Amino acid sequence: MEKIIVTGGIGYIGSHTVVEFQSAGFEVVIVDNLSNSDIKVLDGIKNITGKKPIFYKADVSDIHEIEEVFSKNKDAVAIVHFAAFKAVGESVQKPLMYYQNNIQGIINILSQMQKNGISNLVFSSSCTVYGQAKSLPVTEDSPILKAESPYGNTKKISEEIISDTLKSDDKLNVISLRYFNPIGAHHTAEIGELPIGIPNNLLPFLTQTAIGIREKLSVFGNDYNTHDGTAIRDYINVVDLAKAHVVSIQRLLEKKNLTNYEVFNIGTGKGTSVMEIVKTFEAVSGEKLNYQIAKRREGDIEQIWADTSKANEILGWKAQESLENTIKSAWEWEKRLAQRKVNK
Ligand code: NAD
Ligand code: WQD
């Protein structure tokens with residue numbers, strides 16, 4: 001069985017990806033310091049796949065901790081690097097904490113790969129690198145703009161660090177996946193998004209409002225230049241997103257027509273407005289959502305969605321799940337969390 005190291009594998013996207021790797025027959029080693037996740041996620045993974053992954057509680061930004069993990073797992077064929085801080089607003093308040101964690105993390109991973117002769121990496125990048133693109137949908141060749149936040153800058157800089165490292169080392173192969181807006185949960189409701197504190201992202205805030213944890217959802221702005229005035233994003237199902245990592249690793253291992261650094265947009269190719277998300281939620285859940293129109297959120301862009309033809313053609317990957325099913329899965333997960341609290 002081929003072994004994959006997944007950093008940040010207890011987190012939201014990481015946990016769904018671990019399930020897909022196990023289901024595809026890989027042995028998974030998770031490295032996570034639990035700074036934004038709960039160890040109980042391991043049970044959720046085991047309930048789905050029947051297998052508990054190997055787990056190391058370690059900090060990827062700490063070279064000694066990460067060296068120890070690599071020294072025990074030299075037989076890994078690839079790394080998937082999710083571990084990073086991701087809250088845009090917090091990164092504005094604590095830029096050094098974000099640069100230290102996210103930049104030191106990717107440096108340590110690349111240097112440990114070189115030291116231990118592991119050649120293959122999939123890196124979690126973000127559509128945030130495009131900022132407000134002039135032309136939509138965005139392709140991988142769309143201009144990379146000056147980052148709006150320290151968080152966004154860590155993704156831009158990480159991609160540059162990867163690209164520079166590859167120019168000096170022809171043994172390494174890396175795929176960066178630029179995710180659009182991941183939403184939803186596993187259809188079993190065994191794993192899903194577990195926001196700590198007040199969620200910043202739309203879907204968890206919306207489902208927490210519907211379940212009664214939050215009083216009201218604020219729809220940030222209805223005066224954008226879009227068909228209904230609310231902002232547009234490309235919402236990608238988290239399991240579809242997870243599967244993109246499996247095909248990326250398979251591509252790295254097969255090496256067929258591979259160039260040493262490849263970048264792919266991972267989205268649905270379709271833009272959806274905030275009000276369309278609200279209305280779809282009401283339709284699939286049968287719940288009436290308490291929401292109000294509020295002013296625009298600072299730093300938000302008006303609209304973005306992906307051109308995914310490169311991933312479709314080269315990775316053979318395409319988003320499958322409907323928006324309705326995806327939003328339904330997020331709602332089932334929120335209800336499961338509420339149930340767990342009642343049973344505590
Ligand atoms: P998450 O916070 O749920 O998961 C990240 C995991 O990494 C957590 O379990 C956290 O404990 C762990 N972690 C953080 N710093 C660490 C460190 N120094 N050492 C070890 N573990 C550490 O976030 P997510 O939504 O699953 O995001 C995963 C990756 O995808 C991140 O790199 C994020 O920037 C990127 N991304 C996320 C989104 C999104 O909207 N969720 C969009 C684009 C890109
Ligand atoms: C989506 C839409 C909000 C909350 C962020 C990061 C980005 C990437 C994905 C990591 C926007 C609106 C939201 C609410 C609302 N992450 N909204 N009320 O801002 O597109 O992207 O996550 O790389 O880098 O910036 O995602 O879910 O916060 O917002 O109206 O309470 O929902 O204004 O239009 P965003 P989001």
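# Ligand shells and helix packing in a predicted model

Student: Which element gives the most residues to the shell around ligand 1?

Tutor: In this predicted model, the shell around ligand 1 draws on several elements, and those that give two or more residues are helix H1 (12–23), E5 and H6. The largest contribution, three residues, is that of E5.

Student: Which residues come nearest to ligand 1?

Tutor: The shell is made up of 29 residues. By class, 14 of them are nonpolar, eleven polar and four charged. Those that come nearest to ligand 1 are Asp32, Asn36, Ser37, Asn101 and Tyr151.

Student: How much of the area of ligand 1 does the protein bury?

Tutor: Oxygen atoms of ligand 1 have polar partners in the protein: a polar side-chain atom of Asp32 lies 2.6 Å from one, and a polar side-chain atom of Lys86 lies 2.8 Å from one. A backbone N or O atom of Phe82 is also 2.8 Å from an oxygen atom of this ligand. Taken alone, ligand 1 exposes 820 Å², and the share of this that the protein buries is 95%.

Student: Which residues come nearest to ligand 2, and which strand supplies the largest share of its shell?

Tutor: Around ligand 2 there are 18 residues, of which Ser126, Tyr151, Ser218, Arg233 and Asp300 come nearest. The shell divides into nine nonpolar, six polar and three charged residues. Its largest share, four residues, comes from strand E8 (residues 217–220).

Student: How much of the area of ligand 2 does the protein bury?

Tutor: An N or O atom in the side chain of Tyr151 is 2.6 Å from an oxygen atom of ligand 2. A polar side-chain atom of Asn201 lies 3.2 Å from an oxygen atom of this ligand, while for a backbone N or O atom of Leu202 the distance is 2.8 Å. Taken alone, ligand 2 exposes 680 Å², of which the protein buries 88%.

Student: What is the end-to-end reach of helix H6, C-alpha to C-alpha?

Tutor: Helix H6 covers residues 150–168, a run of 19 residues. At 1.5 Å a residue, the expected value is 27 Å. The reach from its first C-alpha to its last is close to that, at 27 Å.

Student: Which elements help to cover the buried residues of H6?

Tutor: The buried residues of H6 include Pro150, Tyr151, Thr154, Glu159, Ile162 and Leu166. Their cover includes two helices, H4 (88–93) and H5 (95–116). It also includes the strands E5 (120–126), E6 (173–179) and E11 (261–266).

Student: Why does Thr154 count as buried, and which residues is it in contact with?

Tutor: The place of Thr154 is in helix H6. Thr154 counts as buried because its relative accessible area is 0%, and the cut-off for a buried residue is under 20%. Leaving aside neighbours within four places in sequence, its contacts are Tyr98, Tyr99, Asn102 and Ile103.

Student: Which side chain is joined to that of Ser176 by a polar contact of 2.7 Å?

Tutor: Ser176 lies in strand E6 and counts as buried, at 0% relative accessibility. Beyond four places in sequence, the residues that Ser176 touches include Phe123, Glu159, Ile162, Tyr261 and Val263. The polar contact of 2.7 Å joins the side chain of Ser176 to that of Tyr261.

Student: Is Gln114 buried, partly exposed or exposed, and how far in space is it from Leu172?

Tutor: Gln114 is found in helix H5, and its relative accessibility of 39% makes it partly exposed. Not counting residues up to four places away in sequence, Gln114 touches Thr165, Asp169 and Leu172. Gln114 and Leu172 are 58 residues apart in sequence, yet their C-alpha to C-alpha distance is 7.8 Å.

Student: Why does the span of helix H11 agree with expectation, and which elements help to cover its buried residues?

Tutor: The span agrees because the 21 residues of H11 (residues 323–343) should cover 30 Å at 1.5 Å a residue, and the end C-alpha atoms are 30 Å apart. The buried residues of H11 are Thr326, Ile327, Ser329, Ala330, Trp331, Trp333, Glu334 and Leu337. Their cover includes strand E7 (181–183), helix H7 (202–211), strand E10 (235–237) and helix H9 (274–285).

Definitions and conventions:
Residues are numbered from 1 along each chain as its sequence is written. Chains are lettered from A and ligands numbered from 1 in the order in which they are written. This is a predicted model: local features need pLDDT of at least 70, side-chain atom pairs count only at pLDDT 80 or more; totals for chains, interfaces and linings use all residues. Side-chain values use heavy atoms; hydrogens and water are left out. A residue is near a molecule or strand if one of its heavy atoms lies within 4 Å of it. A polar contact is a pair of N or O atoms within 3.5 Å; within protein, one must be able to donate a hydrogen and the other to accept it, and residues adjacent in sequence count only if both atoms are side-chain atoms. Accessible areas come from the Shrake-Rupley method with a 1.4 Å probe; for residues, only the protein chains shown count as cover. Ala, Val, Leu, Ile, Met, Phe, Trp, Tyr, Cys and Pro count as nonpolar, Asp, Glu, Lys and Arg as charged, and the others, Gly among them, as polar. The expected span of a helix is 1.5 Å times one less than its number of residues. Buried means under 20% relative accessible area, exposed over 50%, partly exposed in between (1.4 Å probe, protein chains only). Contact means heavy atoms within 4.5 Å.
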